[in-house]
Amino acid sequence: MTGTPFTALRGQLHDAATEFAGGEDALEGILLGLVDDVDRAVAEPLEIFPVCHHSPASALAMARRLREKQPKVVYLELCEDMTPLLTELRNCRLPVAVQAFASDIDGFPPDWAPLSVVAPITEASAEYQAIAYALDTPGVELVLVDRSSDHVFQWDARHERTDDPAREDGTGAGSGTATGTEAETALHGEAVGVEIGDLRPRFAELEEHLLRHGRVRHWSEWWHQYVEVPLGDSDHDTYRQVMFLIGSLFRRLAPGDGDRVRVDEDRERYMWTRMREHLAATGTDPADCLYVCGAFHAASRVDEFGVHGGDGFEITPRTATTWQYGLIPSSNAAIEAQFGLASGSVSIAATQWTKNLKRTRVKPYRLAGQAGTERTAKKALPPTVLPAAGAPAEDRLSGFLQKPPVLDTLDETELLGWSVDIVRAARRNGYLASTADAIAVFETSILLAGMRDRAKPTPYDFQDAAVTCIEKDRVPGRRDVRRLVEIMMGGDRIGQVGYEALPPLARDVHDRLAPLELNLQQRGVRRALLDMTSRPELRACSDVLWMLRRLLPHGAARPVMGERRLGERSIQESWDLALGTHQRALIELGYEGVSLEQVLEQRLRRTAYGPRATTAEVLAAVEDATLYLGGRRLAEELGTRALDVLAGERTVDGAPEVLRRVRGLLAYYRTSEPVLPPWIESFVRTGYAHYCTLLPTAFRDEDATVGQVAAMLGFLFGMESLALSLGCDRTQLELAVAQAHPNDPAKTALLWAARVQLGTLSRGELRARCDELLANPLVVPSYPRYLSGFVHALEPVPALADVVVEAVSNAFGRLPDAVLLPWLPVLITTLRSNAAELAPLLIREAGRIFPARLAALDAWVPPWHGQPAAPRALPAAGAAHGAALLAAHPATCDALAELLGRTEGWTEAESSAGTGAALLARHPATAEALATLLAPR
Amino acid sequence: MSDLLRAPAEIKYAEELDWLESIDDHPKPFSWRLSPKMVRLFILGSERADGLDRDVSQKWFGDRSFVERSIVTLASDRGLLLIGDPGTGKSWLAELLSAAISRNSTQVVQGTAGTTEDHIKYSWNVSMVIAKGQSRASMIPSPIMTAMETGTIGRFEELTRSTSDVQDALISILSEKYISVPELDGADGENIVFAKPGFSVIATANSRDRGVNDLSSALKRRFNFVRIPVVTNKKSEAEIVRFRTEELLRRHAIELDVPPTLLDVLLQSFADLRASAAAAGSDDEKLESALSTAEQIGVLEDSILHSNFFGERTLTARALAASLVGTLARREPEDLAILNKYLHGVVEPRGKEEGGSWPEFLEGGREAIAKLS
């Protein structure tokens, strides 16, 4: 390679290698290889512009070069499928991230879903300069050439590896683990990040070595000190050659990590193949183009490299996954967390960029209408006079490498400003800081920088000095001085996606909430007051808000006053809204559909048709559909689904929830609809039969709790009238109860209660059984468990409240202390946790039975003691007892029979003793009094 | 050097300091014997890239920025307060700094509940006062006053252990940089002792004692705080333990090898115990010990001495375990119960899985606990 501009440098390096390593060996290979790489990249007819991410020097060099060269085509290292989004950047306040999102995946392992790729874009970056130039200059084409989002995952070897896939690929998975600013760092969620110009040693020892000798702590600091500052004012050729050299150095000094190298090389092949395709298709002269890529990729050695490179690379087709695209807000902290940068480095880069612009008077490119700061750039300025483009490259490297490090001179005013500001900030945050501290910080910064061989303290030196001089205590919850310095140095900047760049759903939401007259795009919490009586048009807003509350994470829309339940809506509501803060969530909702209703419907369907859906969940979906979407179509569809799920259920775990929801829905339909929807009628019918079938097993099953069985009985008794009117048969229930033989005392008590309700057991008998339990010293210890069964029985048989009160009173009166006292806490917790809604019933009944005043207590006799001794049972209700009455007074029936022409006569009643007729005979007074009353009429 | 049980750093490294001084061509603040960069080199050791003719060993292990911040503070107007858990190397760093800067690390005031203002300022030689009256000759200067007069570094150990009024005696020393002696006649300026350039104070404080005698804000303002954390990085901790143990073996003239596997066992067991202390809910569930690096060294030292004088003259895992239990079990039964739980819950399964020295370590630990309970 003689005759190239780098001959002299080669000679020097060769000599150096000979001196240090004693001859031709690996060292010489590496050193000369570096020069070869630079030579090759410089000689490429299509101008390669190497960049590094978040490097103000790159951005500055880019702005200069674009003004000077005015290329017609800009190729950019960014996922090619993101092209249509870039023009939307002008509607946003940077930093924002371009996102590709797929929840419906096809062709990847299902557990990868949802897939998400983000490419954050900041204003102080070279890529933004390129984008702004290309989009706002007529006749310039911007072509994204990197692999598509789909390929990011196709090439992702995470299923083969166990270590963190993201960092390995030069991409970072959003972890959100950084402390302090959780909310800001988690802005990207779980997305995989891609970045233009990832440039960092991939060789841990190399990075450590550089940091150690640079006397710095972070890579970002090293870069700032040794590349950013020296390159700040260099000309285009020097910039390019130095960046090529660094890219080549990191590339050559990297351990042979197969996966990572493969992905990198494939990306380079991909990009060059795409560029050649574009050049061939449009016939553009390569000299009119500019290829913007990371310095690392500029030092590529793949065969496909260059306009005249090989054509051997075949681009694999994308999978069938459907990708959605959008812009999401990003922040400096989120970018730092995602790509493992030092905290504060992106903010410092932004500050540096502003300073560089002021100093060099370079006019940056800005997208027309870009939100944020005022527009400063003017397009199409006459190119400034600089070395003619296309002139043969000269060796700028030798000069740069031999030059002593450029020492930034001390900017005393700036440092003084910082020192004063940090002391003020510290005071505001509760530190005891004074002017003396400002002096000490100033002095310490200079001394520290001196120790670290630099004249000008870097922001990091300043940070160290501030911590040393100001931080004396650590108070939990107070910002530490390190963080205060970060905030002061530019702080975190959080981007915002403008209205026009939002997906249709998010725009729709903002449109529909416009009547609230709040700036909901802004971050922070806004209070909305909705008075629907004076402004009926706000009802629609209220509907939207309730849907948002259902769909967005907690905090995005939070009702302060007002509620919405089946059949109820408030006439006044007040809300705390933070849609600006939760913009990403809203945007990602937009990937699921075009309106809130559609997304909600999809989600409800997904829940209801999920393989593990339970009846209670499906009923909840029905309730939500009724509540938020109105209309009966979806509710009916989901209701029918609930029916299917119920029929397939074999356990009674969800019974209490099912009972609660069905009751609610029935009550709602009864009051608001002319007729019950067919699905709920079928549901009651099916439920009645279903629970009758399960009842005997549930009574016996140890896993089924008393509460669950009580809920089943509640369903059966509560829906009985409806079910019977719909054609169910009561015998089924009677048989089911007869088959139940529980072992558990609580369930036994429940069964007795059920039998009282069915009429197969009288109250007197029930009382007698309780008395027996109390009288038997062997079973007394289990009496409390019977009682808890009775308490649960209030749910299906509320009429039993008086018996329950009596049983509890007896327990207090007769149980020995050894049993009673340990049980009392259990009673209270049972009442609290399982029977919270039943307790008022019990208390009301107790209030009715017990005397209200203390004085009356002495003379008080419990009503159950006043009754004649058992077993003189008063029949509750029953078919057989009515029949006896008929036999005693046959006249009506006889008359009816005669009318109907039946003459068979009466059959003999087997046992009609006792019963109502006997009662009538024994106490005739009432009947006689009634007769006297009726007689005069 | 050999007739001292423990030589202070400036004597121990005298030759190295002399050599560094001879090659030091960087600017030196005040009366410093070494420039700040050389002080850093002395403490953190040299590397090949420093281009020195000889190796300078690393003497203090920890983040570089702590050392840099400390040196810079001493070059400024303020005192330096090193604060951290017991056993994190605060006093050692203070000693190295004063040895490197002023070749004298023995001007130390030890803060205790009984420290009085006299210990910080000056006291009188009573018999001389009776014989000749009060004069500079009959005055006994404190180490701090000596440091002021000579323009060197004075040290104050365990600052927070002394009472607030005593601590506050430092305020005027640190801000006005003189001590007035009202007992003497002011005519010839004898009643004021001025500090010479180069004077500064390095104090250490135990963060576990904070709140016992917390510093007044006036005093806080005159100190820069450098917080030294417990070393949790296993690599540097191993480095420290090895460094200190070698020193100790040399001091006792003991010929005994510390097998690297046993060092690993020690480091791992401390790491485990720290993790369990971090997870503990109450004080009863964690060991009373701070589990610092110094304690690790203590355990190793104890087992080495024991093996050397009473054992087989080789260090065994059994002896190490016995020392570990003996050193860490301070409260009975809480600490013993925790160690018992650790041995059976962590060491036993590990011994079965990995083998090596762990089974023997377990055995030794069991025996030690049995003896103590």
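**Figure 1. The exposed and buried sides of helix α31 of chain A in the predicted model.** A:T731 and A:A738 are exposed on the side of α31(A) that lies opposite its buried residues. Helix α31 spans residues 730-739 of chain A, and its buried residues are A:L733, A:A736 and A:V737. These three cover an arc of only 95° around the axis, which puts them on the same side of α31(A). An α-helix has 3.6 residues a turn, so residues three or four places apart point the same way.

**Figure 2. The surroundings of the buried residues of α31(A).** Which helices help to cover the buried residues of α31(A)? Among them are α28 (678-700), α29 (706-718) and α32 (745-758), each of chain A. The residues that receive this cover are A:L733, A:A736 and A:V737.

**Figure 3. An open sheet of 4 strands in chain A.** The strands follow the order β1-β8-β2-β5, and their pairing is parallel. From one strand to the next, the twist averages 30°. The edges of the sheet are formed by β1 (47-51) and β5 (141-146) of chain A; each has a single partner strand, so one side of each is left without a neighbour in the sheet.

**Figure 4. The pairing of strands β2 and β5 of chain A.** Strand β2 comprises residues 73-79 of chain A and pairs with β5(A) in the parallel sense. How many bridges does this pairing extend over? The two strands are joined over 5 bridges. Within this pair of strands, A:L76 stands opposite A:L144, the latter belonging to β5(A).

**Figure 5. The side of chain A that touches chain B.** In the contact between the two chains, 15 residues of chain A meet 20 residues of chain B. On the side of chain A, α18 (435-451) and α19 (459-470) each supply at least two residues. The element that gives the most is α18(A), with 7 residues. By residue class, this side of chain A divides into 7 nonpolar, 3 polar and 5 charged residues.

**Figure 6. Chain A as the setting for the close-up views.** Chain A contains 43 helices and 14 strands. Its length is 937 residues, of which 40% count as buried. When contacts in chain A between residues at least 6 apart in sequence are considered, 76% of them join residues at least 24 apart.

Conventions
Residues are numbered from 1 along each chain as its sequence is written. Chains are lettered from A and ligands numbered from 1 in the order in which they are written. This is a predicted model: local features need pLDDT of at least 70, side-chain atom pairs count only at pLDDT 80 or more; totals for chains, interfaces and linings use all residues. Two residues are in contact if their C-beta atoms, placed from the backbone, lie within 7 Å. Ala, Val, Leu, Ile, Met, Phe, Trp, Tyr, Cys and Pro count as nonpolar, Asp, Glu, Lys and Arg as charged, and the others, Gly among them, as polar. A residue is buried if 20 or more other C-beta atoms lie within 10 Å of its own, exposed if 12 or fewer, and partly exposed in between; C-beta atoms are placed from the backbone. Two strands pair if DSSP finds at least two bridges between them. Axes are lines fitted to C-alpha atoms, for helices over the stretch in contact, and angles run from 0 to 180 degrees between N-to-C directions. The arc is that of the directions from the helix axis to the C-beta atoms.
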